[in-house]
Amino acid sequence: MIELKNIQKSFGDKPVIKDVSATMQAGQCNLIIGSSGSGKTVLMKCMVGLFEPDGGQVIYDGKDFFSLNLDEKKEIRKEIGMLFQGSALFDSQTVQQNVMFPLDMFTNDSHATKLKRANEVLDRVNLKDANKKFPAELSGGMKKRVALARAIVLNPKYLFCDEPNSGLDPLTSMVIDKLIQEITKEYNITTVVNTHDMNSLMEIGDYILYMHQGNKEWEGSNKEIIFSKNERLNEFIFASEFLKDAKEMRMLEETGKLPDEIREKPAE
Amino acid sequence: MFRGMFARPENGKMYWKEFMHQCNDIGIGSLGIVTIISVFIGAVSTIQTAYQLVSPLLPKTIIAQIVRDTVILEFAPTLTCIVLAGVIGSKIASELGNMRVSEQIDALEIMGINTKAYLIAPKIVAGVLMIPLLIIISMTLGIWGGRLAGVAAGILSGETYDRGLLDGFKAYNVFFALAKSFVFAFIICSIPAFYGYYVKGGALEIGRSSTKAVVVSCVLLLIADYVLSALLL
């Protein structure tokens with residue numbers, strides 16, 4: 001479980017995160033959503049320690065990350081896997097070398113054991129026969145899958161994904177979402193995903209945190225979000241007619257009632 | 001930047017591998033250009049020295065002495081290092097800059113790796129080790145290039161040149177050149193590493209920081225050259 005307590009972060013005079021508190025549930029897919037500039041990436045970077053917050057605490061299973069010394073922080077970081085928006089694969093290394101890198105750095109296993117583990121995770125992300133390829137030879141979706149394989153190769157307790165669907169077609173996005181969801185359940189990882197993708201929101205969002213201009217605007221699950229009365233949230237998520245229809249379909253699916261009936265008796 | 005570099009490695013083998021990789025990049029990777037410029041510098045020095053020595057009273061061996069001393073004292077360490085500042089400096093700055101912009105450095109940080117120690121320290125240590133070796137090669141090739149040009153142009157015979165090389169040779173000059181090359185090597189690797197590691201923005205900024213790194217390195221090389229000459233000669 002990751003607890004955020006009163007996180008604040010400013011760049012110069014501009015506050016980007018304003019007193020955000022939330023709890024990322026263990027073994028679940030936790031989504032941070034919000035429009036561009038709402039502070040979700042900064043919040044995620046504060047969570048993984050790439051930015052130090054101006055105020056507040058990030059607590060990993062009872063340990064306040066920013067009050068730990070360097071070695072203790074390193075220990076927590078070894079339990080973190082992260083999938084970056086641009087994949088962040090090492091250009092000069094092959095797929096196999098990229099995935100084996102954390103194993104080479106942090107384990108003393110034999111080459112054969114490390115190779116076996118790397119192949120296992122590459123299989124898990126449905127990427128076979130790409131071991132000898134370089135990142136430049138891969139498609140966007142393949143790069144994300146390699147990055148995901150690298151992120152989970154050390155069996156992390158926490159997985160962070162920064163906009164995993166950006167730049168991908170809808171079908172590949174769904175594949176990545178499904179992988180993230182399956183891996184979260186399979187390895188019992190606490191997963192935190194930054195996303196704009198409405199499909200991800202509905203499909204994998206066990207817990208959703210909606211950010212607006214650096215504030216926590218709403219939190220709940222993907223079941224609750226369709227009944228939310230928060231205007232900003234509704235405006236953000238159900239912006240198009242198509243999405244409004246989809247919302248009503250989902251309401252019908254969840255309650256067995258037509259949306260008009262629900263509107264008369266709004267859910268809490 | 002330097003404070004963060006001195007930390008216990010997460011895995012000595014991986015750091016060693018990175019160090020060897022940098023030795024190969026900096027040392028072997030620059031050998032071609034060092035060979036070319038050294039041979040030509042020596043050759044041109046011989047021809048120009050002969051051109052200016054018009055007095056028949058001066059022995060021909062003096063040409064070899066002048067070429068030897070200018071190559072050892074100045075051309076091999078300074079000129080080669082200015083070229084290396086461009087070759088190695090831009091490579092280091094753009095490599096680290098690209099890693100910063102494409103979040104590869106963040107990815108290493110999140111894995112719990114000390115990126116300054118893993119990415120910068122091996123480059124500086126490899127540079128400080130390999131560049132003086134390149135300078136020794138440059139001195140040798142420069143002097144040999146001078147002999148080659150002198151003989152080919154009929155300025156002096158090989159024997160005369162060799163005799164000139166031994167006349168009034170001071171081992172201290174080689175020590176001075178090596179002392180300079182250690183300082184220059186540190187500048188060539190650390191300044192671009194700083195500009196590359198702390199780059200912000202995108203592709204345009206990587207290019208700018210590379211250029212700036214090379215320019216600053218060259219200026220610092222010239223300043224260090226003057227200071228070391230004033231102090232050690």
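In strand 5 of chain A, A:Asp64 is the residue that stands opposite A:Ile59. Helices (H or I, at least four residues) and strands (E, at least two) are DSSP runs numbered from the N terminus. The two strands concerned, strand 4 (residues 55-60) and strand 5 of chain A, pair in the antiparallel sense over two bridges; a pairing requires that DSSP finds at least two bridges between the strands.

The structure is a predicted model, in which local features need pLDDT of at least 70 and side-chain atom pairs count only at pLDDT 80 or more, while totals for chains, interfaces and linings use all residues. Residues are numbered from 1 along each chain as its sequence is written, and chains are lettered from A and ligands numbered from 1 in the order in which they are written.

**The sheets of chain A**

Strands 4 and 5 belong to an open, antiparallel sheet of four strands in the order 2-1-4-5 (chain A). Strand 2 (14-24) and strand 5 (63-64) of chain A each have a single partner strand, so one side of each is left without a neighbour in the sheet. Helix 1 (residues 40-48) of chain A lies across strand 1 (2-11), strand 2 and strand 4 of chain A, at about 120° to strand 1 of chain A. Such angles run from 0 to 180 degrees between N-to-C directions, with axes fitted to C-alpha atoms, for helices over the stretch in contact.

A further open sheet in chain A has six strands in the order 6-7-8-3-9-10, with mixed pairing. Its edges are strand 6 (80-83) and strand 10 (215-220) of chain A, each paired on one side only. On average, neighbouring strands of this sheet are turned by 15° against each other, direction ignored. Helix 5 (residues 140-152) of chain A packs on the sheet and touches strand 6 and strand 7 (158-162) of chain A; its direction makes about 175° with that of strand 6 of chain A. Strand 9 (residues 207-212) and strand 10 of chain A are joined by five bridges in the antiparallel sense. A:His212 has A:Asn215, in strand 10 of chain A, as its bridge partner.

**Chain B and the interface**

Chain B has seven helices and zero strands. Its C-alpha atoms fill a box of roughly 70 × 35 × 30 Å along the principal axes. Helix 4 (residues 115-152) of chain B has 38 residues and spans 52 Å from first to last C-alpha, close to the 56 Å expected at 1.5 Å a residue; the expected span is 1.5 Å times one less than the number of residues. Within helix 4 of chain B, a kink of about 35° lies at B:Ala121, shortly before the proline B:Pro122. This bend is the angle between axes fitted to the seven residues ending there and the seven starting there.

Between the chains, 15 residues of chain A are in contact with 13 residues of chain B, contact being defined by C-beta atoms, placed from the backbone, within 7 Å. Helix 3 of chain A gives the largest share of the side of chain A that touches chain B, four residues.

**Confidence**

The predictor's confidence in each residue, pLDDT, runs from 0 to 100.

| Chain | Mean pLDDT | Residues at 70 or more |
|---|---|---|
| Chain A | pLDDT 87 | 93% |
| Chain B | pLDDT 94 | 100% |

Among the elements of chain A, helix 10 (residues 259-264) has the lowest mean pLDDT (59) and helix 3 the highest (94). The model scores ipTM 0.84 and pTM 0.86.

Technical notes:
Two residues are in contact if their C-beta atoms, placed from the backbone, lie within 7 Å.
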